[in-house]
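Here is a short briefing on one protein chain. Keep the structure in view as you read, and find each part as it comes up.

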Amino acid sequence: MHIGIIGATGGIGSRVVTEALDRGHHVTAFTRDASRISEERKNVVWRSIDVLDAESIAAVLPGLDILISGFQPGNAANDFADTVARSIADPTVYATAARALLKALESHPRTRLIVIGGAGSLEIEPGLVPADSDEILHGSLDQLGLPRAYAAAVRGHRDALNVLRTSNRLWTYFSPAEDIAPGQRTGRFRIGGDQPVVDADGRSRISSEDAAVALVDEAELPRFVQRRFTIGY
């Protein structure tokens, strides 16, 4: 396949690039400024993109089977605090990106889209979503060591999912586990839909490497078109 990856220098995006290449796919890796990238691996080409601009996205779609967007403001892999600050300052940016992606796909309706989003919109009890409850959301952010003001960004991710849900394009939304960090590629995890997947201790967790496995799995064998999915140990 020919897979495009937005946010290809990010914590998840960079691992999706590696996972896709290891499986023999061709990758176009997108970043804000591709001129800064020095890449020597085979079957990967780097290009610049503005994910908030539909014309910029549409220009790179020809030839792609699927586009995976790991967009974050800033670069969380290099400066996590900066991404957190940017996300708090403008939490509408996630929905703006979702609209631009969908607009671009109007001219390429057969190209599939996977958006890497957040876990705060997962339903922890029937009808109960953390993004809708300050008390629950603040408790989760405290446990993760994030400022409570980041609740605005969590809701921004939820709003992006709601934008996708109004579309008839071939979209998929991926909510990683609540606790996601670099770790091991095990290839062993469980898949869920709109509810979080938790381990024996009640924790929702996954490595960035296994998130990449799940994303490329979905690229190869689509199971969640016009749906959301999540994973966890």
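The end C-alpha atoms of residues 7–217 lie 19 Å apart. Helix makes up 35% of this span, and strand makes up 16%. In UniProt, an unreviewed entry annotates residues 7–217 as "domain: NAD(P)-binding". The model shown here is predicted.

**The sheet**

- Eight strands build an open sheet.
- Their order is 3-2-1-4-5-6-10-8, and the pairing is mixed.
- Strand 3 (44–48) and strand 8 stand at the edges. Each has a single partner strand, so one side of each has no neighbour in the sheet.
- On average, neighbouring strands are turned by 20° against each other, direction ignored.
- In a regular strand, side chains alternate between the two faces of the sheet.

**Helices on the sheet**

- Helix 4 (residues 93–105) packs on the sheet. Helix 4 touches strand 1 (2–6), strand 4 (66–69) and strand 5 (112–116).
- The direction of helix 4 makes about 175° with that of strand 5.
- Helix 7 (residues 208–220) also packs on the sheet. Its contacts are strand 1, strand 4, strand 5, strand 6 and strand 10.
- The direction of helix 7 makes about 160° with that of strand 5.

**Strand 10 and its partners**

- Is strand 10 (residues 227–232) largely enclosed or largely open? Five of its six residues are buried, so the rest of the structure largely encloses strand 10. Buried here means under 20% relative accessible area.
- Strand 6 (residues 171–175) runs parallel to strand 10, and four bridges join the two. Phe174 has Phe229 in strand 10 as its bridge partner.
- Strand 8 (residues 190–192) runs antiparallel to strand 10, with three bridges between them.
- Ile191 pairs with Ile231 in strand 10, and Gly192 stands opposite Thr230.

**Salt bridges**

- How many salt bridges does a search of the whole structure find? The search finds 17.
- Glu209 and Arg15 meet through their side chains in a salt bridge, at 2.7 Å from N to O. Glu209 sits in helix 7 and Arg15 in helix 1 (residues 13–22), so the pair ties together parts 194 residues apart in sequence.
- Glu209 is buried, at 17% relative accessible area. Arg15 counts as partly exposed, at 23%.
- Arg23 forms a salt bridge with Glu220, and their closest N and O atoms are 2.8 Å apart. Arg23 lies in the loop between helix 1 and strand 2 (26–31), while Glu220 lies in helix 7. This pair links distant parts of the chain, 197 residues apart.
- Arg23 is partly exposed at 27% relative accessibility. Glu220 is partly exposed too, at 36%.
- Arg23 and Glu220 also belong to a network of salt bridges, which links them with Glu19, Arg185 and Asp217.
- The side chains of Asp179 and Arg203 meet in a salt bridge of 3.2 Å, N to O. Asp179 is in strand 7 (residues 179–181), and Arg203 is in the loop between strand 8 and strand 9 (205–207), so the pair ties together parts 24 residues apart in sequence.
- Asp179 is partly exposed, with a relative accessible area of 28%. Arg203 is partly exposed as well, at 41%.

How values were computed. Residues are numbered from 1 along each chain as its sequence is written. This is a predicted model: local features need pLDDT of at least 70, side-chain atom pairs count only at pLDDT 80 or more; totals for chains, interfaces and linings use all residues. Side-chain values use heavy atoms; hydrogens and water are left out. Buried means under 20% relative accessible area, exposed over 50%, partly exposed in between (1.4 Å probe, protein chains only). Two strands pair if DSSP finds at least two bridges between them. Axes are lines fitted to C-alpha atoms, for helices over the stretch in contact, and angles run from 0 to 180 degrees between N-to-C directions. Contact means heavy atoms within 4.5 Å. UniProt positions are given in the numbering used here, feature names are shortened, and annotations may be inferred rather than shown by experiment. A salt bridge is a side-chain nitrogen of Lys or Arg within 4 Å of a carboxyl oxygen of Asp or Glu.
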